[in-house]
Amino acid sequence: MAAGLFITLEGIDGAGKSSHLDALEARLRQGGRTVVRTREPGGTPLAETLRDLVLTQAMDPLTGSLLVFAARRAHITPRIAAAVARGDVVLCARFTDATFAYQGGGRGFDAGVLQALERWVQAQERADEGASIDGDRLLQPDLTFWFDLPPDVAAERLASARV
C-alpha cells in the first residue's frame with residue numbers, strides 16, 4: 001500500500017489554487033492514487049458551519065482564530081488524518097499557513113497564540129499510548145505549494161471569472 005500524503009495549496013483568492021488542484025488531482029488519479037480533495041476552513045459539515053460564521057459574522061481576532069482552529073480540528077480527525085492513514089493523497093486548499101497569514105499578518109493577531117493553538121489542534125495521537133495526544137507530533141503537510149502573485153493580478157482574475 002502506498003504511503004498517504006497530505007498536500008496543501010496556499011495563496012490569496014485568485015492565485016490559481018483551484019485550477020492547480022484540478023490538474024494535480026487528475027494526475028494523481030491517473031497514477032492510480034485515491035485522492036481526497038478538501039479545503040480550509042471547511043471540509044466537514046461542522047467545519048463548513050464554522051467557516052460560514054468566520055466569513056459572514058463580525059468578530060474580534062481571537063474569536064475568529066478560535067473558530068478557524070475549531071474548524072481545523074473538526075476537519076483533521078475524521079477527514080485528513082483518516083485519509084492519510086488509509087494511504088490516500090489529501091489535497092487541501094489552504095491550511096495553517098493561511099491562518100498565520102490572515103489572522104496573524106492580516107489581522108495583526110499574536111503569532112505566539114496562533115502557534116499554541118496550532119500545537120493543541122494539530123497534535124496527533126501516539127500509536128504506542130492509545131488516545132494520548134503528543135504535542136510534539138503535529139499534523140503538517142508533506143508538501144505545500146505556495147502561489148504568489150500581486151494582489152491586483154489576483155483581483156483581475158477574480159473579476160473576469162465572475163462575468
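**View 1. Serine 65, tucked away in helix α3.** In this predicted model, serine 65 sits in helix α3. Its relative accessibility is 0%, so serine 65 counts as buried; the cut-off for that label is under 20% relative accessible area. Look for phenylalanine 100 too: along the sequence, 35 residues separate it from serine 65, yet in space their C-alpha atoms are 9.5 Å apart.

**View 2. A nonpolar patch on the surface.** Staying with helix α3, which runs over residues 61–86, we come to leucine 62. Is leucine 62 buried or partly exposed? Leucine 62 has a relative accessible area of 38%, so it counts as partly exposed, given that this label covers values between 20% and 50%. Leu62 teams up with Leu66 and Val113 in a nonpolar surface patch. Together, the three residues Leu62, Leu66 and Val113 offer about 220 Å² of accessible area.

**View 3. The largest pocket.** Here's a space of about 600 Å³. A set of 25 residues lines this pocket, and Asp13, Glu40, Pro41, Arg51 and Arg94 are the ones nearest its centre. Which helix gives the most to the lining? That's α4, with four residues. Helices α1 (17–30), α2 (45–56), α3 and α4 (96–106) each chip in at least two. Sorted by class, the lining of the largest pocket has 10 nonpolar, six polar and nine charged residues.

**View 4. A cis peptide bond at proline 41.** Zoom in on the link from glutamate 40 to proline 41: this peptide bond is cis, with omega near -15 degrees. Why point it out? Because most peptide bonds are trans. Proline 41 lies in the loop that joins β2 (35–39) and α2. Both Glu40 and Pro41 are also among the residues nearest the centre of the largest pocket.

**View 5. Arginine 94 and its positive phi.** Between β3 (89–93) and α4 there's a loop, and that's where you'll find arginine 94. Arginine 94 isn't a glycine, but its phi is positive, at about 75 degrees. That's worth a second look, because most residues other than glycine have a negative phi. With a relative accessibility of 15%, arginine 94 counts as buried.

**View 6. The second largest pocket.** This pocket holds about 160 Å³ of space. Arg94 turns up in its lining, along with others including Glu10, Tyr102, Trp146 and Phe147. Once more α4 is the biggest giver, with four residues in the lining of the second largest pocket. The class count for this lining is seven nonpolar, one polar and four charged.

Notes: Residues numbered from 1 in each chain as written. Predicted model: local features only at pLDDT ≥ 70, side-chain atom pairs only at ≥ 80, totals over all residues. Heavy atoms only, no water. Patch = residues over 30% accessible without salt bridge, like charges linked within 9 Å, V, L, I, M, F, W, Y side chains within 5 Å. Areas by Shrake-Rupley, 256 points an atom, 1.4 Å probe, with all protein chains shown as cover. Salt bridge = Lys/Arg side-chain N within 4 Å of Asp/Glu carboxyl O. Buried < 20%, exposed > 50% of the residue type's maximum accessible area, 1.4 Å probe, protein only. 1 Å grid on protein atoms, 1.4 Å probe; cavity = no way out; pocket = protein on both sides within 12 Å on 5 of 7 lines; lining within 4 Å. Points joined across faces, edges and corners; volume = space filled by probe spheres on them. Nonpolar A, V, L, I, M, F, W, Y, C, P; charged D, E, K, R; others polar.
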